[in-house]
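Visitor: I'd like a close look at one part of this protein, please. Pick a single strand, and walk me through what sits around it.

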Amino acid sequence: MKKTLFLSVVMLAALSLGLYARGATQQIRLATGGNTGTYYAYGSAVAQILTEKTKIPITIQSTGASKANIQLITAGEVEVAIVQNDVMDYAYQGTELFNGEQTTSFTAMAGLYAEVCQIIANPASGIRTVADLRGKNVSVGDAGSGVEFNARQILEAYGISFNDIGKQNLSFGASADALRDNKLDAFFCTAGAPTTAVVDLAIGKDIILLEIDDTHMTQLAQKYPFYTRYPIPAGTYRGITRDINTVAVKATFIVSKSLSEDVVYQLTKTLFESRDEIISAHAKGTELSPAYGVGGISIPFHPGAEKYFKEIGALR
């Protein structure tokens with residue numbers, strides 16, 4: 001009797017531990033960005049919806065955004081993260097921000113929304129095209145930032161190097177202030193449009209947005225496949241009376257290779273089937289679509305995401 005009771009207890013304990021272990025594999029940690037930024041707000045909204053619908057608990061972490069998020073996945077400290085698709089390409093290839101630090105510990109789940117490469121210029125400077133930036137004082141974002149790499153790559157497509165401009169490394173806010181005071185001719189800004197710093201600048205200062213034409217867009221995308229075409233709509237900023245064609249990178253969900261195909265399939269499927277709820281929770285939800293989700297993704301998809309996209313015809 002005692003032996004039977006002992007065996008029963010052992011079996012129950014083993015079963016409980018097994019259930020706990022299986023449940024533990026579905027505890028998802030999502031790395032976002034700073035708690036005042038879009039990544040954090042968007043990630044929080046999506047995590048709540050996915051948790052409710054899939055019953056997979058997802059917890060949010062405030063982080064230093066793209067590069068830090070990739071490092072967190074590599075270290076096994078999170079399972080899902082939001083990153084720019086150009087930064088994930090750098091990591092996968094071991095280039096630019098990840099020069100000498102190649103990592104392939106993650107795969108893509110889905111592109112989410114555009115982070116627009118905006119080039120704002122002072123009309124008084126005589127700048128009308130990207131080619132006109134040669135010889136001008138131009139801010140290319142913080143040193144070592146993703147914006148700085150976007151600026152270098154876009155200028156490169158026009159045959160311009162950083163040596164050909166009066167290069168300055170200023171934040172968006174500092175760039176806007178300098179342009180307002182006529183201390184800067186133009187600046188690069190990679191962010192969702194409208195961007196607060198540019199909105200505030202345009203209230204009291206005439207600005208122009210520079211266009212990236214089709215020829216240079218094609219040339220840019222051939223070398224850097226993470227870029228996609230993006231029209232900034234007329235009226236986005238005061239004084240902008242027509243659509244301005246430029247390029248964008250994408251905020252993207254990446255996932256650890258350690259996640260199972262079934263879990264990532266559930267997350268991907270539920271993400272796109274919950275578009276209406278996500279729109280209600282965050283404005284960036286309007287850009288969510290399967291076609292957009294697979295475009296401009298230069299690294300492999302996780303098998304679970306790939307299964308969903310092929311199932312609905314978004315991937316062949």
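**Strand β10 and its surroundings**

Guide: Let's start with a pairing: β9 (residues 228-232) and β10 are antiparallel strands, joined by five bridges. Keep in mind as you look that this is a predicted model.

Two of the rungs between these strands are handy for getting your bearings. Arg 229 has Val 247 in β10 as its bridge partner, and Ile 232 is matched with Ile 244 of β10. If you follow the side chains along β9, you'll see them alternate. Thr 228, Tyr 230 and Ile 232 point to one face and are buried, while Arg 229 and Pro 231 point to the other face and are not buried. That puts our two rungs in contrast on the β9 side: Ile 232 is one of the buried residues, and Arg 229 is not.

Now for β10 itself, which covers residues 244-256. This strand is mostly covered, with 12 of its 13 residues buried. For the chain as a whole, buried residues make up 50% of the 316 residues.

β9 has company as a partner of β10. Strand β4 (residues 106-121) pairs with β10 in the antiparallel sense, over 10 bridges. Look for Ala 110 here, which stands opposite Phe 253 in β10. Strand β3 (residues 80-84) also runs antiparallel to β10, and five bridges link the two. In that pairing, Val 83 has Thr 252 of β10 as its bridge partner.

Ala 110 is worth a second look, as it leads us to a glycine. Gly 293, which sits in helix α11 (residues 290-294), is in contact with Ala 110, Gly 111, Phe 272 and Phe 301, leaving aside neighbours within four places in sequence. Gly 293 is buried, with a relative accessible area of 0%. Its C-alpha is also 6.0 Å from that of Leu 112, although 181 residues separate the two in sequence. Links across the sequence turn up in the chain-wide count too: among contacts between residues at least 6 apart, 73% join residues at least 24 apart.

There's a helix to add to the picture. In α3 (residues 66-74), the buried residues are Ser 66, Asn 69, Ile 70, Leu 72 and Ile 73. They lie on the same side of α3, because they cover an arc of only 160 degrees around the axis. The general rule behind such a pattern is that an α-helix has 3.6 residues a turn, so residues three or four places apart point the same way. And what covers these buried residues? The cover includes β10 along with its partners β3 and β4, plus β1 (28-31), α2 (38-54) and α4 (85-93). Just past the helix, α3 is followed by Gly 76, whose phi is positive, near 75 degrees.

Stepping back, the protein chain has 12 helices and 10 strands, and its C-alpha trace spans about 95 × 40 × 40 Å along the principal axes. So much for the setting; back to the strand you asked about. β10 is bridged to β3, to β4 and to β9, and β10 is also part of what covers the buried residues of α3.

Definitions and conventions
Residues are numbered from 1 along each chain as its sequence is written. This is a predicted model: local features need pLDDT of at least 70, side-chain atom pairs count only at pLDDT 80 or more; totals for chains, interfaces and linings use all residues. Side-chain values use heavy atoms; hydrogens and water are left out. Helices (H or I, at least four residues) and strands (E, at least two) are DSSP runs, numbered from the N terminus. Buried means under 20% relative accessible area, exposed over 50%, partly exposed in between (1.4 Å probe, protein chains only). Contact means heavy atoms within 4.5 Å. Two strands pair if DSSP finds at least two bridges between them. The arc is that of the directions from the helix axis to the C-beta atoms.
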